[in-house]
Amino acid sequence: MPAWSAAACHDPRMSASDTEPQVPVDAGSARKRPVSRTRGPTGEPSMASEPNRQTSRPTKVAIVGVGMVGSTYAYTLLLSGIASEIVLVDANHERAEGEAMDLNHAVPFAHPTKICAGDYADCEGAAITVIAAGVGQRPGETRLELVKRNAAIFGQIVPRVAESNPEGIIVVATNPVDVLTYVTLNLAGLPAHRVFGSGTILDTARFRYMLSEHLGVDPRSVHAYIIGEHGDSEVPVWSLANVAGMRLPSFCAENGIPLSPDTMERIFRQTRDAAYEIISRKGATYYAVAAGLMRITEAILRDQNTVLSISSLVTDYYGIDDVCLSLPTVVSRRGIERVLRLDLSPQEARGVRKSAEVLRETIKSLEAAGAVEPA
Ligand SMILES: NC(=O)c1ccc[n+]([C@@H]2O[C@H](COP(=O)([O-])OP(=O)(O)OC[C@H]3O[C@@H](n4cnc5c(N)ncnc54)[C@H](O)[C@@H]3O)[C@@H](O)[C@H]2O)c1
């Protein structure tokens, strides 16, 4: 392979002054463009500050960490045609280049999209930066040790993303996603509505799928959420789950479908433990999370006000404060429009408080180790 490749965001054979005039105006590149300080309704800089020639909106997406999750998300994005430009950043730059080349060769079958392997400076002007970078658990390593290593990696990544792209949205996918969303919020110094994690978007999808199999309806017609931690302490909101507005006990009674506590426990267990089951068979999970990240991207770029269970900073909710966890959240071009504060059953409220305690403990351990600055 030549020392440079067509998949690189910059041809290193040229100096900066050589390359700048050649940057296409409509490529979503923010380099040298004046940044408008248009204010949104809350006084925050508007996402509409980097107009794209065709859409008047930025549709550049940056992905940091292009392993299984990041690269599958990039592929999903390309096939969707929603992004005009996709920048791939990875500590393993060759991997990013290889992914960019492979994806570029799919462009003739998909949509005109500029895809390149770049560095943090290339996140400039991106409407969204998705972070899926991280390391996996070493044999014998505790979860906390793994969190510390991933928090240290975020210490290298997040300030650079925020510096090159102070007006964009950051979406965290790396696990443990709730803790790393909190770490990102502290490191980025961006407003809270522009920093969130994929949270339980995947668990909610799995829950709706498992329920749909049991209820015999399209999963898209099942309205049910998993809230709290993306992990072992997550909480199924049975009390509000419904099909066509019918709560599950009525829907099941009407349609002769069993809904015993054992059935409910089985459906939740299959939801919560799905990742373990998949990882034991194929080593990693990435299609469904990539589709979830795609759904978040669409909600942002198309300004859809979609309700998604994503992880964000929660304050004053059932006694929960200063922790990132998932609740149904309205997502638009601005990022988080509002978090929906569900009325939970006493058991569900206890569950989500427990989730918050688990997450707070981990954050406290990270703070004690100096791995995250207290807010
Ligand atoms: N949120 C969810 O629902 C969900 C679902 C599945 C996986 N995940 C998580 O996503 C993360 C990525 O998973 P994967 O399967 O893609 O892993 P992977 O090992 O295939 O990819 C990780 C990538 O991060 C890169 N990386 C490591 N350190 C970096 C750094 N300092 N800067 C830039 N890049 C760096 C690696 O080079 C690698 O390409 C994991 O934490 C995994 O647990 C989350």
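Which residues are the closest to the ligand, and how many surround the ligand?

**View 1. The shell around the ligand in the predicted model.** The ligand is surrounded by 30 residues. G67, M68, V69, A133 and N175 are the closest. Sorted by class, the shell holds 16 nonpolar residues, 12 polar residues and two charged residues.

**View 2. Helices and domains that supply the shell around the ligand.** Helix 2 (68-80) supplies at least two residues of this shell, and so does helix 4 (143-164). Domain 1 (37-197) gives residues to the shell. Domain 2 (201-368) gives residues to the shell too. The ligand therefore lies between the two domains, because both contribute to the shell around it.

**View 3. Helix 10, residues 287-301.** Helix 10 has 15 residues. From first C-alpha to last, helix 10 reaches 21 Å. That is close to the 21 Å expected at 1.5 Å a residue. The buried residues of helix 10 are V289, A290, G292, L293, I296, T297, A299, I300 and L301.

**View 4. The residue D303, just after helix 10.** Here the backbone of D303 takes a positive phi. The angle is about 50°.

**View 5. The protein as the setting for these close-ups.** The secondary structure comes to 11 helices and 14 strands. The protein has 375 residues, and buried residues make up 44% of them. Take the contacts between residues at least 6 apart in sequence: 69% of these join residues at least 24 apart.

Note on methods: Residues numbered from 1 in each chain as written. Predicted model: local features only at pLDDT ≥ 70, side-chain atom pairs only at ≥ 80, totals over all residues. Near = placed C-beta within 6 Å. Helix = DSSP H or I, 4+ residues; strand = E, 2+ residues; numbered from the N terminus. Nonpolar A, V, L, I, M, F, W, Y, C, P; charged D, E, K, R; others polar. Domains from an automatic or database assignment. Buried ≥ 20, exposed ≤ 12 C-beta atoms within 10 Å, placed from the backbone. Contact = placed C-beta atoms within 7 Å. Expected span 1.5 Å × (residues − 1).
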